[in-house]
Amino acid sequence: MKNPKELRTERICRMVEENFTEDDLTMVLSFQENPEDEDTAVREVQRFTRRIRYQARAERKLFKYVWELERSPMGNFYVRMVLSGGIPIEKLRELWESDMEHARRMKIAKYNRMHPFPREVLKWGKGGTFYV
């Protein structure tokens with residue numbers, strides 16, 4: 001029987017596989033000023049997703065996303081996110097208003113059960129708070 005972390009990682013990978021393509025983006029976002037607590041960090045990311053959703057509607061594009069909030073060993077929050085690729089990376093940097101460590105197109109292999117997704121997605125089973 002698999003442990004809960006393995007099951008969680010499989011669930012996340014399956015969700016990404018079913019809902020995202022190579023045209024979509026993986027991103028790691030950090031905060032210029034670290035939020036006081038997890039609730040404040042969640043609100044900041046929710047504001048960001050609302051701005052993206054508004055932009056996507058204006059351009060008549062589909063917007064799907066999944067993200068996880070984690071805390072580094074130094075205590076700083078950061079966000080791992082996969083989102084549909086309809087909006088240019090430059091526009092996403094502008095909408096985030098903080099530091100975007102990286103944003104790149106997903107690299108999905110043709111159904112390889114062992115490593116079908118970017119390493120960032122596979123790390124999601126290690127902890128943090130997962131949001132859809």
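Here are some short exercises with worked solutions on this predicted model.

**Exercise 1. The overall layout**

Task: Work out how many helices and strands the protein chain has, and in which pattern they follow along the sequence.

Solution: Start with the count: the protein chain contains four helices and five strands. Next, walk along the sequence, and the pattern reads α-β-α-β-β-α-β-α-β. To finish, look at burial: of the 132 residues in the protein chain, 44% are buried.

**Exercise 2. A strand and its two faces**

Task: Find out whether the two faces of strand E1 are covered or open.

Solution: First recall that side chains in a regular strand alternate between the two faces of the sheet. Now sort the residues of E1: Leu25, Met27 and Leu29 sit on one side, while Thr26, Val28 and Ser30 sit on the other. Both sets are buried, so both faces are covered. Since six of the six residues of E1 are buried, the strand is largely enclosed by the rest of the structure. As for its neighbour, E1 is joined to E3 by six bridges, and the two run antiparallel. One of the pairings to look for is Leu25 with its bridge partner Leu83 in E3.

**Exercise 3. The hairpin**

Task: Describe how strands E2 and E3 are connected, and which residue in the turn has a positive phi.

Solution: Begin with the strands themselves, E2 (residues 65–71) and E3 (residues 77–83). Seven bridges hold this antiparallel pair together, and Trp67 has Met81 as its bridge partner in E3. Then turn to the link: the two strands form a hairpin with five residues between them, and Gly75 in the turn has a positive phi of about 95 degrees. Lastly, check burial: six of the seven residues of E2 are buried, so this strand is largely enclosed by the rest of the structure.

**Exercise 4. An unusual backbone angle**

Task: Say where Arg60 lies and whether it is buried or exposed.

Solution: Arg60 is in the loop between H2 and E2. Its relative accessibility is 79%, and exposed means over 50%, so Arg60 counts as exposed. Now look at the backbone: most residues other than glycine have a negative phi. Arg60, although not a glycine, has a positive phi of about 55 degrees.

**Exercise 5. Classifying a ring pair**

Task: Decide whether the rings of Phe48 and Trp96 are stacked or edge-to-face.

Solution: The count of aromatic pairs comes to three. For Phe48 and Trp96, the ring centres are 5.0 Å apart and the planes stand at 75 degrees; planes over 60 degrees apart count as edge-to-face, so this pair is edge-to-face. The pair links distant parts of the chain, with Phe48 in helix H2 (residues 38–58) and Trp96 in helix H3 (residues 89–96), 48 residues apart. Phe48 is buried at a relative accessible area of 0%, and Trp96 is buried at 3%. Together with Phe31, they form one aromatic cluster.

**Exercise 6. A pocket and its lining**

Task: Find which residues line the second largest pocket, and what classes they belong to.

Solution: This pocket has a volume of about 170 Å³. Its lining is made of Phe31, Gln32, Glu33, Pro35, Thr40, Glu44, Trp96, Glu97 and Ser98. By class, that gives three nonpolar, three polar and three charged residues. Take Pro35 as a closer example: it lies in the loop between E1 and H2 and counts as buried at 9% relative accessibility. Pro35 and Phe77 are 42 residues apart in sequence, with their C-alpha atoms 7.4 Å apart in space.

Notes: Residues are numbered from 1 along each chain as its sequence is written. This is a predicted model: local features need pLDDT of at least 70, side-chain atom pairs count only at pLDDT 80 or more; totals for chains, interfaces and linings use all residues. Side-chain values use heavy atoms; hydrogens and water are left out. On a 1 Å grid over the protein atoms alone, a cavity is a set of points where a 1.4 Å probe fits but cannot get out, and a pocket is an open set with protein on both sides within 12 Å along at least five of seven lines; lining residues have an atom within 4 Å of a point. Grid points are joined across faces, edges and corners, and a volume is the space filled by probe spheres set on the points. Ala, Val, Leu, Ile, Met, Phe, Trp, Tyr, Cys and Pro count as nonpolar, Asp, Glu, Lys and Arg as charged, and the others, Gly among them, as polar. Rings of Phe, Tyr and Trp (its six-membered ring) pair if their centres lie within 6.5 Å; planes under 30 degrees apart count as stacked, over 60 as edge-to-face and the rest as tilted. Buried means under 20% relative accessible area, exposed over 50%, partly exposed in between (1.4 Å probe, protein chains only). Two strands pair if DSSP finds at least two bridges between them.
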